[in-house]
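Please open the model in your viewer and keep the sequence panel visible. The tour proceeds from the whole chain to individual selections.

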Amino acid sequence: MAPHTPPTPSGEDTPAQHDAFHPHLPDNGHDHTGDDSKLPLHARLHHIRADGLDGDTAQTGGMRRFAAISGRNVGSEHIWMGQTHVAPDTASSNHHHGASETAIHVVKGHPEFVFLDDSSGTSEEVRIRTAPGDYIFVPPFVPHREENPSSDEEAVVVIARSTQEAIVVNLPELYVLGKEPGRG
């Protein structure tokens with residue numbers, strides 16, 4: 001669909017000469033009705049259909065990750081976005097996401113997110129129980145795991161990360177950030 005331009009004094013719409021919101025992008029005479037795949041990655045929108053998610057991502061035991069938005073898929077430079085599915089009665093392996101900030105939106109099920117906290121002086125497991133519509137924020141390098149306690153419903157979440165790829169560092173155990181096993 002071509003960008004809308006204001007009506008001329010006669011009240012008729014005229015074709016856009018360039019995109020007023022992105023004047024730095026060349027128009028190249030493209031009418032936006034043909035094949036956009038010839039445009040540079042950063043000069044067009046990308047539509048990723050639900051059946052077009054990419055399962056060739058970093059994985060953690062007990063989960064399946066599918067990329068929608070990534071550096072490889074669409075040329076994103078600062079964000080990764082996709083879905084994670086956790087089967088019924090399943091817990092993921094312990095892991096963290098490196099330097100990436102992670103935002104999670106619960107779409108289906110009641111997944112639980114588990115991490116360790118030692119603010120009381122003793123390491124304690126903290127379990128966050130969620131419902132559809134809830135959000136979780138995972139700071140960089142924080143070890144955690146996802147669990148789906150339901151015996152019959154898959155949990156599905158949408159994930160956005162501040163890196164262009166899905167960084168996953170699998171761990172043998174949870175630990176408090178800054179107190180890694182064998183450190184000290």
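How many helices and strands does the protein chain have? The protein chain has 1 helix and 11 strands, where helices (H or I, at least four residues) and strands (E, at least two) are DSSP runs numbered from the N terminus. The model is predicted: local features need pLDDT of at least 70 and side-chain atom pairs count only at pLDDT 80 or more, whereas totals for chains, interfaces and linings use all residues. Residues are numbered from 1 along each chain as its sequence is written, and side-chain values use heavy atoms, with hydrogens and water left out.

**Whole chain.** Colour by secondary structure and read along the sequence: the pattern is β-α-β-β-β-β-β-β-β-β-β-β. Of the 184 residues, 33% are buried (under 20% relative accessible area; exposed is over 50%, partly exposed in between; 1.4 Å probe, protein chains only). Next, display the surface, which comes to about 11100 Å², with 55% belonging to carbon and sulfur atoms; accessible areas come from the Shrake-Rupley method with a 1.4 Å probe, and for residues only the protein chains shown count as cover.

**Strand 10.** Select residues 155–161, which form strand 10. In this strand 5 of the 7 residues are buried, so strand 10 is largely enclosed by the rest of the structure. Add strand 2 (residues 80–86), which pairs with strand 10 in the antiparallel sense over 7 bridges; two strands pair if DSSP finds at least two bridges between them. Here the bridge partner of His 85 is Val 156. Then add strand 5 (residues 102–108), joined to strand 10 by 6 bridges and also antiparallel. Thr 102 stands opposite Arg 161 of strand 10.

**The open sheet.** Now select the open sheet of 4 strands, whose order is 3-9-6-7 with antiparallel pairing. Its edge strands are strand 3 (90–91) and strand 7, each pairing on one side only. Strand 3 meets strand 9 (residues 145–148) over 2 bridges, in the antiparallel sense. Zoom in on Thr 90, whose bridge partner in strand 9 is Asn 148.

**Arg 129.** Finish in strand 7 (residues 124–129), where Arg 129 lies. Is Arg 129 buried or exposed? Arg 129 is exposed, with a relative accessible area of 59%. Leaving aside residues up to four places away in sequence, Arg 129 touches Pro 111, Glu 112 and Asp 134 (contact means heavy atoms within 4.5 Å). Show the side chains of Arg 129 and Glu 112: a polar contact of 3.3 Å joins them. A polar contact is a pair of N or O atoms within 3.5 Å; within protein, one must be able to donate a hydrogen and the other to accept it, and residues adjacent in sequence count only if both atoms are side-chain atoms.
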